[in-house]
Each structure stands twice: as C-alpha cells, then as structure tokens.
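Subject: Structure for your review

Dear colleague,

Please find below the structure that I am handing over to you. I would be grateful if you could read the notes beneath it alongside the model.

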Number of protein chains: 2
Amino acid sequence: MDARAMGGNKIRNMEEFAALSGISRPTVSKYFNDPGSVRASTRARIEAALEEHDYRPNIYAVNQNRRLTKNIGIVVPYLADPFFAEIARKIELRCIEAGLSPILFSAHGEKDLEVDILDSLRSMKPAGVLLAPLGRISDRGVIEKFCRDVPTILFDSNLDGIGEAFVGSDNFSFVSQSVEYLTRTGNPPILFEMVRPANPNANKRRKAYVSMMERLGFDPQIFQAEGDGWGFEEIGYKEGLRFLDQKPGRTDTVLCSNDRLAIGFLSACFERGIPVGRGETCTLRVAAHDDHPFSRFTCPSLTTVAHDYDQVSNKVIEMLFQLIESGGHFENRSEHLYPAKLVLRSSA
Amino acid sequence: MDARAMGGNKIRNMEEFAALSGISRPTVSKYFNDPGSVRASTRARIEAALEEHDYRPNIYAVNQNRRLTKNIGIVVPYLADPFFAEIARKIELRCIEAGLSPILFSAHGEKDLEVDILDSLRSMKPAGVLLAPLGRISDRGVIEKFCRDVPTILFDSNLDGIGEAFVGSDNFSFVSQSVEYLTRTGNPPILFEMVRPANPNANKRRKAYVSMMERLGFDPQIFQAEGDGWGFEEIGYKEGLRFLDQKPGRTDTVLCSNDRLAIGFLSACFERGIPVGRGETCTLRVAAHDDHPFSRFTCPSLTTVAHDYDQVSNKVIEMLFQLIESGGHFENRSEHLYPAKLVLRSSA
DNA sequence: GATAAAAGTTTACGCGCGTAAAGTTTTTGT
DNA sequence: ACAAAAACTTTACGCGCGTAAACTTTTATC
C-alpha cells in the first residue's frame, strides 16, 4: 500500500504501467500520444494510475518509432546577446504551452558551431526548426541543404529563398521612423554602423537610411566602425571615441545601426564629457534601433525603435504550427515583416 | 559511382553502413562508441566510408540502449541575464570539446519551469547535470530528489548538502575586497541590496558586508530595495531614485550587491544629475559585484569585483568529468569556492 | 432493446542499435 | 615461425514503444 502510494516501486516500461492501470498497452500508448483520443473513463483510470506511480514513457524509445518527434529546434546566433535571449525565451515558453519540446542552441557567433548544430538537429528528427542564422558568415550551402531536409522557419535575419518562411521586423520601418523623428525635431543624422556587419539586417538598415535621407532631401553620411565579431558594445565604444575625436561630417546627431553599438557609443560620449540628449545644454543627440533590454538604463536612456517582440514571436509560433500541420512544407515561401515602434527616451 | 560520391543514396541504418564499409556491424558500433577501441586499419576503412556516405547513428536508438547517454544537462535560472549566458557559453563549449552533448535549459526565473526541466532531464538519462538553481524560490525537495537520481553538480548558487559537489565564487572574497577598497580610498559604503534576494549569494554577501564592516570598526548600513523577480536593473533604478531622494544613512559611497542592480542605480544617479566617480567633482562613489559583461559600458564605467569565470567553468567541467568517471557519485560532497578579483573602473 | 459505431483488447512485428557468446582471423612478442 | 593475445565476424537477443490486424466490449442512436 505505502510502497504504491509513495511511487516507490519503479516502473520499467509501459507494459508494467498498463498492467497497473488496468488498461491495455496499445491504449495507454494512444493516451500518451494524444490524451484526447481515448474515452474519458479510460483517461481517468490512466491518470489515476499516473498519480500513484509517476511513470513517463522512455523518450528515446518513443522518438525512435516516430517519423518526427515533438522536438522543436530553436537556433540563435549569439545567446549572450540579451536580445536573442529574450526572443528565445518568448518562443520557448510558447512551445511548451503547445506541448512541444523546445531545444535551444546558440552558435555563439561561430560558423562551425552553426553547422554542427544543424548537423545534430538533423538527426533529432524535429517537428520543426526555428532558425535565426548568423548571417553573413553563415555557410549558406549547408543551411540551404538543411532546410531541404528539415522543416525550418527563419526568423530575425533572412536568407533569400531559404527555409519555408521568414518572420522578422521591417528594417525600413525602423530607419524611416528614426530618421523622420530626428530630422523633424532637429538635424538629420549621420549613420554609425559597422564596416562588415555580421547581420544582413544592418545592410538593409543602411539602404533604408540612404533612401530615407534622399527622400527627405538630405545628404546621407555614414561612419563605418572598424571591428569584427559580436562584441558590439566594445566596437561602439572604441570607434565612438574615434568618431568623437575625428568629428567626421555631422556631429550633432548620430543614428546607431543598433542599440548595442549605441551602448558603447554613449559610453564613449560620457568619457569625453559630451552631454547627450535633446536639452538646451546638450550638444549631441543619439538614437538607435532594436530596443535592447538594457537600453532604458543607458545614460542618458536611449531613444530607439523597438521590435514588436510579441508580434514576431507570435507569428513565428503560428507559422511553425501551420508548418507542422502542413506536413513540413509550404507551397509558397512567405515573408512576414512587422513594423517597429519608436520609443522616445532621453538621448534624442 | 556519382550517386555514391554524392552521398545521395541515403543509408537507413548501421547494418547498411557496415556493409558499405566492409566492416561488421558490431565493430562499427564499437567504433562509434569509441573510435580508439578499434584497430587503426579498420578505423581508417570506416572513416573512409564515412566520408562518402555521411551516415550518423540514430541517436534515439543509441540512447535507448545505453544506461546513460552522453548528454549533459546545463540548467541556469535566467538566461536573459548575460552573466548566465556567458558562463553557459563557456561550459557548453568545453562539453563539446570533450565529445559530450550539452543541452541548455533556462528556468526563466520560474519555479515551475525549473521543476519541469528537472523532470524532463531525468528521463533523458544524462551522464551528468550542471545545475545553477533558482535559489530561494527553488523547490528544494524536488531538487534534492532529482540529485539522488541523476548525477548533478551545482554551480553559482549553493544548496547545502544537495548535489555531488558545488563550484562557485567566494562571496566573502567579493565583499571583503570591495569594502576594503572603498574604505581605504574614501568612506565606508552603505550596502544596496534587494529585500528578498532571489539568489542565496546575496545573503552571503550581506553577511560578509556586515562582518567586514565590523572588523574594520564601522557601522554597517543597509538599504533594502523593494521588488521581486529578475528585473534587477529596473529595481536598481526605481529604488535607486528612492534612495537618492530619501538619502538614508551614508550617501557618498554605495556598494550594490550585484552589477545589475548597479546598472539601474547608476541610471538613477544620472537622471538625478548626481556626478558619480572618484574625482574631486563627484559626490557619490558606486561599486558592485560580478563584473557583468555590460559593466564596463555603464556611465561611468563600473568599479566592481569580478568572478573568475574561467576558473569556475574549468572546475565545473573538471568535476563533471570526475563525476562521470566515478560512476555518478562522489564519496564526499565537496565545495569549491574561487576568489574574486577587484576591477577598478571609474565609478569608485 | 436492437444495431451500428466507437473504443478497447490481444497478438504480433518492427524500429535501430548495444551487446553477449562463440568462433575465426590478424597481430604481437619471442 | 609459433603460440598467445587482440581484434574481428557471425549469430542472436533485448531495449521500450508505435502500430497494424483481427476480434471483443462498450457506447450512442432511434
């Protein structure tokens, strides 16, 4: 009696559990695959037994016999970037709600690791993969091949024609709003960006900047920060110092390509004693894009343009479910871009 | 010929691959479990075949038949905190080097999720688990039971007597250095911390603060910030404003319990126009602990005490390997604390 | 209460691989 | 060159579960 109530007697397999619950193994198996597929009364009996004996099907045996598992691969380029950590968190929680098993991977900024991840993901027979690729340094061929074998939805940064769909933010929306705002309330900005952006979004933002400036009748000016890798703050800081010391082109309004660069840039401004903000006493305005989780704690707090995190992660999940229901393939590859929202803070 | 060179003909199982390589299946199986366990000549033949046919053993079938897998569970309380992202990154890479398969989980600050993670981890038959528990809100009973079933090493925050070992930083080392430094170069600090710290390290830091202050002959003063959850920057900011407006106790030297609080606190200082730093013109010095990845970009840059990330992650890995070799259990539970390093920047 | 439909039971096979046992071949040491 | 050791082959079983087929019981319908 006690031993049963304590769940002390370990159950070896579904056979044993089925015997204890008084239901046949095939029916128990059916229950675990979809609790709604069995009669309410049998379901109750199984669940009663489940409470006493805490048994769980062996996931390896289960997955071996399914063509596809309930695993969802989530791959981000760099998890130490809170932006990705945050969006991964939202997606992960949504998957769990839906009864799927999210498995999180970070390429840690390394091409080879991204390849390795896709390799092991392939042998995991996932029901779907949500992939935010490294971007420029990604091995395009490998990703393309992967996407042919495994149902994959790209997010955050797009690779043309690869994957069953793409969900992300509209870079033009970011830049048009920031440029419009800065121009309307002061002077047109110079764009502060990296020479060799890791992420394709950066290139789209540059194009958007140029086209917006021309549309507004201003001369586009770009400062290109040297540096590689994913230490954006460091690059923003070092090259920010160089920018401030050189003073190339416009120097009263700076638009950073992303918030992490701006965090470093603002740090450089502080060090040089340059008052940043939109007040009378300020000589420099700084804005950026992404609404990084830390942007509201910079000094001054950063005026930026925010991703619609919720919309994007909701759509990613929605597309994932559609993809699973469609058997892993869409007739037409679709791209879903969401507009961004201007967030006014103190820096511009 | 071409089809073979292209690896186009999909190999279904090890049987087929063994036939293609000209080696018997049991020997091929042996190879995959330990390439060094077969003769060099057979190994060469297998690897030659492997290059042409890109076959990988079915992980589910493999893991079903092993008592333990090569999976390593890594569990952190909150992955959106770059501190954990960073240490997880280091550990993950070390596992991969060693031929293990790290699987990363974040409890996202939620007790229930931590329980769920341990639950699914249990059925994954991992060779070992590296667990940084949520701390105060963890379900101690569940973790204790988990650790009895699965070989687990705790890191970052300790739960007395639970797990096969603990590896972390020495909180007394943090606080003694910061208090000593601040006192020597100016006035003794007031401690700025949360009322109900999520993490047990915070409690140890408070005790260390009190004991250090008493040892130095000063009166310990503590400001307790209200607020719950993992949004430390927000709490540091809001309660920082309250602190600055109320001016309770010492107001020229503040020691934040951790960097994330300090990031918010510095933001509050900036907003109130309070010059922070050790210069003549400054009226407030601020220091903290952890050396958060963003601490060097605060304004002013944050004087802090750094974890020895490398030592800790190396030791975690070392203990993990020992644990695996010992068959999942140590005779005696050991605790390994590493001293911290003072990092002088501009804020104090 | 008769009858069809739905759900459950029994039986059986297969998934891909680990691994043991017994026999055969190759390597090693002298 | 020869015996012993090491490595390999062949054969066979089991892991825990998905699932199909044939049959039996329960539920829904009028």
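The notes below concern the protein surface around each DNA strand.

This is a predicted model, in which local features need pLDDT of at least 70 and side-chain atom pairs count only at pLDDT 80 or more, while totals for chains, interfaces and linings use all residues. Residues are numbered from 1 along each chain as its sequence is written, chains are lettered from A and ligands numbered from 1 in the order in which they are written, and side-chain values use heavy atoms, with hydrogens and water left out.

DNA strand C is surrounded by 25 residues (a residue is near a strand if one of its heavy atoms lies within 4 Å of it). The closest are A:S24, A:T42, B:M14, B:S29 and B:Y55. Of the atoms of this strand within 4 Å of the protein, 67% belong to sugar and phosphate. Polar contacts (pairs of N or O atoms within 3.5 Å) include one from the side chain of A:S24 to a phosphate oxygen of DNA strand C, at 2.3 Å. The side chain of A:T42 has an N or O atom 2.4 Å from a phosphate oxygen of DNA strand C.

DNA strand D also has 25 residues around it, the closest being A:M14, A:S29, A:Y55, B:S24 and B:T42. Here, a polar side-chain atom of B:S24 is 2.4 Å from a phosphate oxygen.

B:R25 reaches bases of both strands: its side chain lies 2.9 Å from a base oxygen of DNA strand C and 3.3 Å from a base nitrogen of DNA strand D.

Yours sincerely

Technical notes:
Polar contact = N/O pair within 3.5 Å; in protein donor to acceptor, adjacent residues only side chain to side chain.
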